[in-house]
Amino acid sequence: MDLFRECVLCPRACAVDRASGSNKGFCKESAQLRVAYVGPHFGEEPPITGTRGSGTIFFTGCSLRCSFCQNRQISQNGLGVAVNMEDLLESVESMIVKKGVHNVNFVTPDHFFPHVFDLISKLRTRGHSLPMLLNLSGYQSVPSLKLAHAFTDIYLPDFKYSDKDLAATLSGCRDYPDVALSAIREMVDCKGFLNSLENDTSPATSGVLVRHLILPGYVKNSLDALTTLFLEFGSSLPLSIMSQYCPVIRHDDERLNRRLGKDEFDLVYMHALDLGFEHLFVQIPEEVPSADAGRSPFVPDFRLDRPFAVPSKD
Ligand code: SF4
């Protein structure tokens, strides 16, 4: 619980005492663990999803709280239930044993890192040796990552912004580009690049895969983000370019009120190819089902028992 006192688990460094009473920081969460969903998910990249799914745990609250967040129900609207460690351990263990998931995927967990480390320790003690994956916003502090390394096999960080003004406007953190680059450097130096890159028949067991979500109307941010990653890590960096953006609220910025255009995706994709990235995962916009035709498979509804419309294989 000490890590929750004068909390500096993330770069917001709120220094509030989350351990006592109901004090909350920017992430809107006290030290009471809250979870919105535990279950297999089939919407990650093939080496993460494999054939039996990635065993996701979605936490309530977020240290970044982007205005366009696709998981807004839980990241900003507080959906989720308080859980104790014993019940969560039982639930995750059941998922591992009954569903045969390839990894345990902690989604945006940094504001609950102490609980996450405790849970992983207990899973290891009980003999579960599958990879532990931290699915992160990229806005992480290096000291927190140094604590996380001992518990983590795979890092799945975003690199959302190269544009400081855009980071300030959409996520309230002008320092995102520098902070995220340092964080990803720390992850790569410790774990290397993802060790399986080809398909879903040989799921990854360690390393780093970086994600970038292209925002409609902000192609230059994406082009510069890819250039930044290339200059820092080279063309061998495993990179996932996502085009699944879907507006979930009405934005004052009209650019964010539509899906990504194919022409916008093509510009970013061609730039990735020009830079020579050797290990690319891409979502082709035509292959991303439209939310207008029904429920988008990439915008979960955490009020449902099965929040994701991505086909389950069970
Ligand atoms: S985890 Fe929450 S309370 Fe702690 S520094 Fe980050 S935003 Fe602030």
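# A walk through the model

Start at the ligand: its surrounding shell is made up of 9 nonpolar, 3 polar and 2 charged residues. Keep in mind as you click around that this is a predicted model. Now select C7, C10, C14, G25 and C27, which come nearest to the ligand among the 14 residues around it.

**Two odd backbones before β1**

While you're at this end of the chain, pick E6. This residue sits in the segment before β1 (34–41). Check its backbone: phi is near 50 degrees, a positive value in a residue that isn't glycine. That's worth a second look because most residues other than glycine have a negative phi. Is the E6 side chain site buried or exposed? E6 is partly exposed, because it has 13 other C-beta atoms within 10 Å.

Next, pick A15, also found in the segment before β1. A15 again has a positive phi without being glycine, this time near 60 degrees. A15 counts as exposed, because it has 10 C-beta neighbours inside 10 Å.

**The seven-stranded sheet**

Switch to cartoon view and find the open sheet of 7 strands, ordered β3-β1-β2-β4-β5-β6-β7, with mixed pairing. Which strands stand at the edges? Those are β3 (81–82) and β7 (207–208); each has a single partner strand, so one side of each is left without a neighbour in the sheet. If you turn on hydrogen bonds, remember that strands of a sheet pair through backbone hydrogen bonds, either parallel or antiparallel.

Now colour β5, residues 132–136. Of its 5 residues, 5 are buried, so this strand is largely enclosed by the rest of the structure. Show the side chains and you'll see how they split between the faces. In a regular strand the side chains alternate between the two faces of the sheet. For β5, M132, L134 and L136 lie on one side, with L133 and N135 on the other, and all of them are buried, so both faces are covered.

Step across to β4 (104–107). It runs parallel to β5, joined by 4 bridges. To see one pair up close, select V107 and N135: V107 stands opposite N135 in β5.

Head for the β7 edge next. Strand β6 (residues 154–157) pairs with β7 in the parallel sense over 2 bridges. Zoom in on Y155, whose bridge partner in β7 is V208. Then bring up helix α7 (residues 176–191), which lies across β6 and β7 and runs at about 160 degrees to β6.

**Helix α3 and its neighbourhood**

Select residues 85–99 for helix α3. The helix lies across β1, β2 (54–59) and β4, running at about 5 degrees to β1. How far does α3 reach from its first C-alpha to its last? Its 15 residues reach 21 Å, close to the 21 Å expected at 1.5 Å a residue. Just after the helix comes G100, with a positive phi near 65 degrees.

Within α3, click on E90. E90 counts as exposed, because there are 11 C-beta neighbours inside 10 Å. Now draw a C-alpha to C-alpha distance from E90 to L123: the two are 33 residues apart in sequence and 9.7 Å apart in space.

That brings you to L123, which lies in helix α4 (residues 113–125). L123 counts as partly exposed, because it has 19 C-beta neighbours inside 10 Å. What does L123 touch, leaving out residues up to four places away in sequence? The contacts are V92, V104 and H128. For another distance, try L123 to P47: they are 76 residues apart in sequence and 22 Å apart in space, C-alpha to C-alpha.

**The three-stranded sheet**

For the last stop, find the open sheet of 3 strands in the order β8-β9-β10, with parallel pairing. Its edge strands are β8 (210–213) and β10 (280–282), each pairing on one side only. Neighbouring strands here are turned by 20 degrees against each other on average, direction ignored.

Zoom in where β8 meets strand β9 (residues 239–242): 4 bridges join the two, and they run parallel. Pick H212 and I241 there, since I241 in β9 is the bridge partner of H212. Finish by showing helix α9 (residues 262–275), which packs on the sheet, touching β9 and β10; its direction makes about 165 degrees with that of β9.

Methods. Residues are numbered from 1 along each chain as its sequence is written. This is a predicted model: local features need pLDDT of at least 70, side-chain atom pairs count only at pLDDT 80 or more; totals for chains, interfaces and linings use all residues. A residue is buried if 20 or more other C-beta atoms lie within 10 Å of its own, exposed if 12 or fewer, and partly exposed in between; C-beta atoms are placed from the backbone. A residue is near a molecule or strand if its C-beta atom, placed from the backbone, lies within 6 Å of it. Ala, Val, Leu, Ile, Met, Phe, Trp, Tyr, Cys and Pro count as nonpolar, Asp, Glu, Lys and Arg as charged, and the others, Gly among them, as polar. Two strands pair if DSSP finds at least two bridges between them. Axes are lines fitted to C-alpha atoms, for helices over the stretch in contact, and angles run from 0 to 180 degrees between N-to-C directions. Two residues are in contact if their C-beta atoms, placed from the backbone, lie within 7 Å. The expected span of a helix is 1.5 Å times one less than its number of residues.
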